[in-house]
Amino acid sequence: MSVVDSPLVADGVTLAYDRLVVARDLHLAVAPGSFTVIIGPNGCGKSTLLRALARTLAPREGRVLLDGEPIHKMRSKDVAKRLALLPQGPIAPESITVGDLVARGRYPHQGILRQWSAADARAVDEALRATEVDDLRDRFVSDLSGGQRQRVWLAMALAQETDLLLLDEPTTFLDIAHQVEVMDLCARLHAEGRTLVAVLHDLNQAARYATHLVAMRDGRIVAQGRPEDVVTEPLVQEVFGLASRVVPDPETGTPMVVPLRRSVQDDVVR
Amino acid sequence: MSTVVEPRNAGPRTVRVASGPDDDRGVVLVWRRRPFVVCVVALVVALVAALVTVSVGELGIPLPELPAVVAGNGTKIQHWVLYTTRLPRLLVGAGAGAALAVSGAMFQSVTRNPLGSPDVIGLGAGAAAGAAAAGLVWPGVVPVPVGAVLGASVATAAVWFGSGSGFSRPQRLVVVGIAVGAMALAFVQLALARASREDAMVIAQWLNGSLAARTWADVRLVVAALVVLLPLALLLTRPLQVVEMGDEAATAVGVRTDRTRTRAVLVAVLLTAAAVSVCGPVAFVALTAPQIARRLTRSSGPGMVAAACTGAAVLVVADLVAQHLVPGQQLPVGVVTAGLGGVYLVFLLVREFRRSAA
């Protein structure tokens, strides 16, 4: 895949918080129409890279290109019409309803004198339907369960009506049923033609849903490609420092990581 | 130009006023019914309090005679009471209340914290220190209102730098702000100690926050500030609403968070300075009025107009109370608002500590 076709490119970015450099000279071209998932151990820089791609963090060096344009030089609203982000830990304002929160995703399409339009109403309706929260429309966000809340935030991002959707650990803090629910929803959004880039904690989840995997360690991209090519026993050892067997997922056939039993006899003897 | 009132299809609980034939073109503003009702109620309360203020007391103008006085047919004394004392006082009260409340709404929104209001984080104290510096320590260098603006700006800058990362860390900001406020008040004490007895009396009166003996010059100042700054505050309402959801979420939908914060702080500092320079640092209006407005409107964001109306009502009512609470003696209005606001502040602090302990 060439960099030219890619809707979102990190071009030699060095990423840092204040003086702490997290990653140096990263190159990544997101394949159009892909469901790209970035994996790696805690502190490897995966969320930082996603933040740079979403322009919520300015790279120290290098640049991020959105459809070939430097993203940090574009008007922020123009970016928001093409790229949406589900951040970690967004704050729901006190006493806001689901409908009102999702409507805030329309911000980039509105102006001081154009605060609402039929297109806005349509986009909000559609986003609520796509995430199956339309029956919660008049409920307060604070009264929802974690899984419902995550779907509502996703609906807000969908209401932006962008082709690109970035997700920063969308399943963290959810129980397993809600995790699967959110991931199935993401898979459906991908199948409908959007390009998704997500950071995920769970390697098996990543391998199951991604079309492209990017493995990071210590601020470097160690491997990238199709899940079946990336998720191998040596790579899991290299990236996560975990001895494992990789077997086909009985349900989907995608690679599944099973950690090796750590000499149980030693534990018993002790 | 047509006006369409259409409750359907415009988001929950909104009424849309649209102009232009096509739904997707022309000017469309979103109105919500509840904030509108709250504004009307607040203005009615302010108006009733104003009428009572005009009619009671030794020189009060009985309400049946008021139309005649307004028409110019009252006695000379009545004319003087209305136009030289009571009306300017009422207008300054309403204007300063509105300015403080809008400033408070903006600061609370920027800091994502009801405690992040200008009177808590040292802005009012900073403005007072600036005014004291201009009036007592170095008189004649700059006019007192300019001193108040400078003092408020210095206090804001101190809080900005003192809390590290600008205004993006609300908890730290409240602590630093309280410290800055204490330092500013210490400076005011110093200025008072050095001043002559007469000057000190004047400035002490002013420091309590008082609406006594206001003039039309004060009215002009606060009205001018509102005319310029209120529209700017309104322009910032929508981006501020989004910034309340966190910097990442706000950036994601296309808001420049730092720029929005800087502009909001600038407008809020000027509003506070304008109010403080006409009535002194009246305590806790900026803290309470926007919160009352927000609770009443059940709004999910800062509502500048509702805050302004509530602030005007709060200060006009508080001044009425201040004038008649102790018979034969006028209290500074700041004493009344401090009494009311202090209770509310304790309530907020307790809630905040419970929350952070949980």
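**A guided tour of chains A and B**

Select D25(A) to begin: with 14 C-beta neighbours inside 10 Å, this residue counts as partly exposed. The model in the viewer is predicted. A residue is exposed if 12 or fewer other C-beta atoms lie within 10 Å of its own, and buried if there are 20 or more, so a count of 14 falls in between. D25(A) lies in strand β2 of chain A. Its backbone deserves attention as well, for D25(A) has a positive phi of about 50° although it is not a glycine.

Next, select D18(A). This residue is located in the loop between β1 (8-17) and β2 (20-30) of chain A. Is D18(A) buried or exposed? It counts as exposed, because it has 6 C-beta neighbours inside 10 Å. D18(A), too, is not a glycine, yet it has a positive phi of about 50°.

**The sheet**

Now display the strands of the six-stranded open sheet in chain A, which follow the order β6-β7-β8-β3-β9-β10 with mixed pairing. At the edges are β6 (83-86) and β10 (220-225) of chain A, each of which pairs on one side only. From one strand to the next, the twist averages 15°.

Select residues 35-39 and 212-217 of chain A, which are strands β3 and β9; these two pair in the parallel sense over four bridges. Which residue in β9(A) is the bridge partner of T36(A)? It is H212(A).

**Helices on the sheet**

Add residues 46-53 of chain A, helix α1, which packs on the sheet. This helix touches β3, β7 (164-168), β8 (195-199) and β9 of chain A. The direction of α1 makes about 145° with that of β8(A).

Then select helix α5, residues 146-159 of chain A. This helix lies across β6 and β7 of chain A, and α5 runs at about 170° to β6(A).

**The contact with chain B**

Finally, show both chains together. How many residues does the contact take from each chain? It takes 37 residues from chain A and 29 residues from chain B. On the side of chain A that touches chain B, select α2 (76-80), β6, α3 (98-103) and α4 (118-130), each of which supplies at least two residues. The most is given by α2(A), with four residues. Colouring this side of chain A by residue type completes the tour: there are 19 nonpolar, ten polar and eight charged residues. Strand β6 of chain A thus appears at two stops, as an edge strand of the sheet and as a contributor to the side that touches chain B.

Conventions
Residues are numbered from 1 along each chain as its sequence is written. Chains are lettered from A and ligands numbered from 1 in the order in which they are written. This is a predicted model: local features need pLDDT of at least 70, side-chain atom pairs count only at pLDDT 80 or more; totals for chains, interfaces and linings use all residues. Two strands pair if DSSP finds at least two bridges between them. Axes are lines fitted to C-alpha atoms, for helices over the stretch in contact, and angles run from 0 to 180 degrees between N-to-C directions. Two residues are in contact if their C-beta atoms, placed from the backbone, lie within 7 Å. Ala, Val, Leu, Ile, Met, Phe, Trp, Tyr, Cys and Pro count as nonpolar, Asp, Glu, Lys and Arg as charged, and the others, Gly among them, as polar.
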